[in-house]
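Biologist: Before we look together, I would like to learn how a nonpolar core and a helix are read from a model.

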2 protein chains.
Amino acid sequence: MNLLIVDDEEKIREVIKEYSEAENYIVEEADNGKSALDKLIQNHYDLLILDIMMPEMDGYTLLKTLPKEKRIPTIILSARDEVYDKLQGFDLGIDDYVTKPFSPKELMARIKALAKRTKHSNIYQLNTLEINFAAHTVKINQQKINLTPKEFDILSYLIENKNIAISREQLLSKIWGYSYFGDDRTIDTHIKMLRSHLKQYKNHIETVRGIGYKFTDEENQ
Amino acid sequence: MNLLIVDDEEKIREVIKEYSEAENYIVEEADNGKSALDKLIQNHYDLLILDIMMPEMDGYTLLKTLPKEKRIPTIILSARDEVYDKLQGFDLGIDDYVTKPFSPKELMARIKALAKRTKHSNIYQLNTLEINFAAHTVKINQQKINLTPKEFDILSYLIENKNIAISREQLLSKIWGYSYFGDDRTIDTHIKMLRSHLKQYKNHIETVRGIGYKFTDEENQ
DNA sequence: AATTAATTTCACCAATTATTCACAAAAAAC
DNA sequence: GTTTTTTGTGAATAATTGGTGAAATTAATT
């Protein structure tokens with residue numbers, strides 16, 4: 001988790017940084033809107049904590065100036081009497097507000113809550129089944145399972161869409177690409193192999209007759 | 001968007017309801033934790049607005065009692081001097097707090113913000129009958145019911161058009177496709193099977209003589 | 001070039017699902 | 001009350017679908 005804290009008061013940045021680092025978040029700071037904008041464009045952050053009132057470039061202007069594709073989950077810090085700007089703020093994709101003065105505990109609770117919704121974890125775990133998307137590894141009982149690339153891709157896609165029935169066409173276009181014109185049944189064969197590799201978890205890949213397949217996190221009846 | 005408002009003060013419920021309905025949200029009310037819990041278990045809502053201080057069963061107890069799979073995005077209403085542990089609240093899946101007295105405008109802004117990041121529901125629920133369109137599953141009393149693809153399609157289409165009579169021709173063209181030239185009566189057979197699978201809910205698929213069929217919300221005479 | 005691994009195709013089989021049809025039951029028309 | 005029309009139902013049959021093993025093809029590695 002990478003955080004960018006933007007506030008002109010050093011003390012506030014310090015407090016937030018201290019608490020955030022206690023949560024193992026990686027924190028960077030900016031003391032004005034202009035340098036924050038530069039940092040946001042140059043680097044990738046997961047969360048932005050942004051003061052509204054700042055000299056040079058205020059928070060709203062920063063958000064308006066920021067290219068859309070660089071927008072990230074944002075928590076606004078604002079003085080209590082800036083209440084009426086709130087409605088305006090929500091239209092800019094702001095996720096939460098904290099009014100100054102705030103208790104660090106409250107801010108951290110909101111950061112955590114936002115992080116929980118935002119952070120798309122790199123690891124999926126279901127009992128003793130563990131998929132690490134970044135490392136491309138699958139483990140059952142700490143034991144590494146060897147999947148072929150296609151098998152891993154299929155499993156990943158199904159897990160990213162867990163509890164949703166995925167059609168064969170969807171799998172073909174997402175994993176093989178739109179230009180692929182092979183046989184549907186190829187998927188079945190890969191599913192067969194995937195299931196056999198997943199051992200006791202094979203029932204989590206359910207056949208949805210007439211549609212395709214679905215990964216489910218419930219135990220099946 | 002279906003909202004459930006839980007508060008023991010009628011005036012507060014009224015105000016929220018009025019504003020919410022102006023946003024085209026469908027609103028239900030509960031005046032205590034116990035009846036809220038019942039409603040949450042019986043039906044499906046997209047968002048919960050919950051007062052903490054209530055007689056009989058307070059908001060936190062309600063959230064703790066609620067089965068995990070029934071948890072939905074939640075906004076807490078609390079009095080300014082109620083110092084609850086907010087961190088604990090966030091663990092219970094609470095998304096936001098609004099302190100009383102609040103301005104309806106602020107609450108609506110928060111509801112809207114939360115609604116924006118909450119995906120619209122994919123589940124239709126009628127008492128203990130639950131259809132998950134994405135997962136392609138039907139449950140009665142949490143028990144999975146196996147429908148064939150055609151049965152599921154027919155049920156889905158009728159529910160999407162609930163309380164509207166659907167002709168056989170409409171069903172044929174929507175579910176079988178325009179190029180189908182089979183017998184009308186095939187539908188009857190599928191309806192027969194569908195009804196038998198729906199058990200105690202079979203009467204919700206009504207015959208509309210001379211036209212076709214209709215799925216109805218209400219108990220039949 | 002040889003070997004190994006991964007992917008794809010294919011055909012068979014079992015299971016499931018869809019369709020048709022004949023007759024019974026119900027509702028509407030006469 | 002009888003006839004006609006429409007719908008419900010059970011059973012037989014047809015069609016489709018998915019699981020599977022093996023073979024063929026392609027790609028990667030040594």
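Biologist: How many residues has the largest nonpolar core, and which have the most contacts inside it?

Modeller: This is a predicted model, in which local features need pLDDT of at least 70 and side-chain atom pairs count only at pLDDT 80 or more, while totals for chains, interfaces and linings use all residues. Residues are numbered from 1 along each chain as its sequence is written, with chains lettered from A and ligands numbered from 1 in the order in which they are written. In soluble globular proteins, nonpolar side chains tend to be buried together. A nonpolar core is a set of buried Ala, Val, Leu, Ile, Met, Phe, Trp, Tyr and Cys residues joined through C-beta atoms within 7 Å, and a residue is buried if 20 or more other C-beta atoms lie within 10 Å of its own, exposed if 12 or fewer, and partly exposed in between, with C-beta atoms placed from the backbone. Here the largest core has 28 residues, and A:Leu4, A:Val6 and A:Ile49 have the most contacts inside it.

Biologist: Which residues of H8(B) are buried?

Modeller: An α-helix has 3.6 residues a turn, so residues three or four places apart point the same way. In H8(B), a DSSP run (H or I, at least four residues) numbered from the N terminus, the buried residues are B:Ile187, B:Ile191, B:Leu194 and B:Leu198. They cover an arc of only 65° around the axis (taken from the directions from the helix axis to the C-beta atoms), which puts them on the same side of H8(B).

Biologist: Which residues are exposed on the other side of H8(B)?

Modeller: Those are B:Arg185, B:Thr189, B:Lys192 and B:Ser196. After H8(B) comes B:Lys199, whose phi is positive, near 45°.

Biologist: What span should H8(B) have?

Modeller: At 1.5 Å times one less than its number of residues, the 14 residues of H8(B) should span 20 Å, which agrees with end C-alpha atoms 20 Å apart.

Methods: Helices (H or I, at least four residues) and strands (E, at least two) are DSSP runs, numbered from the N terminus.
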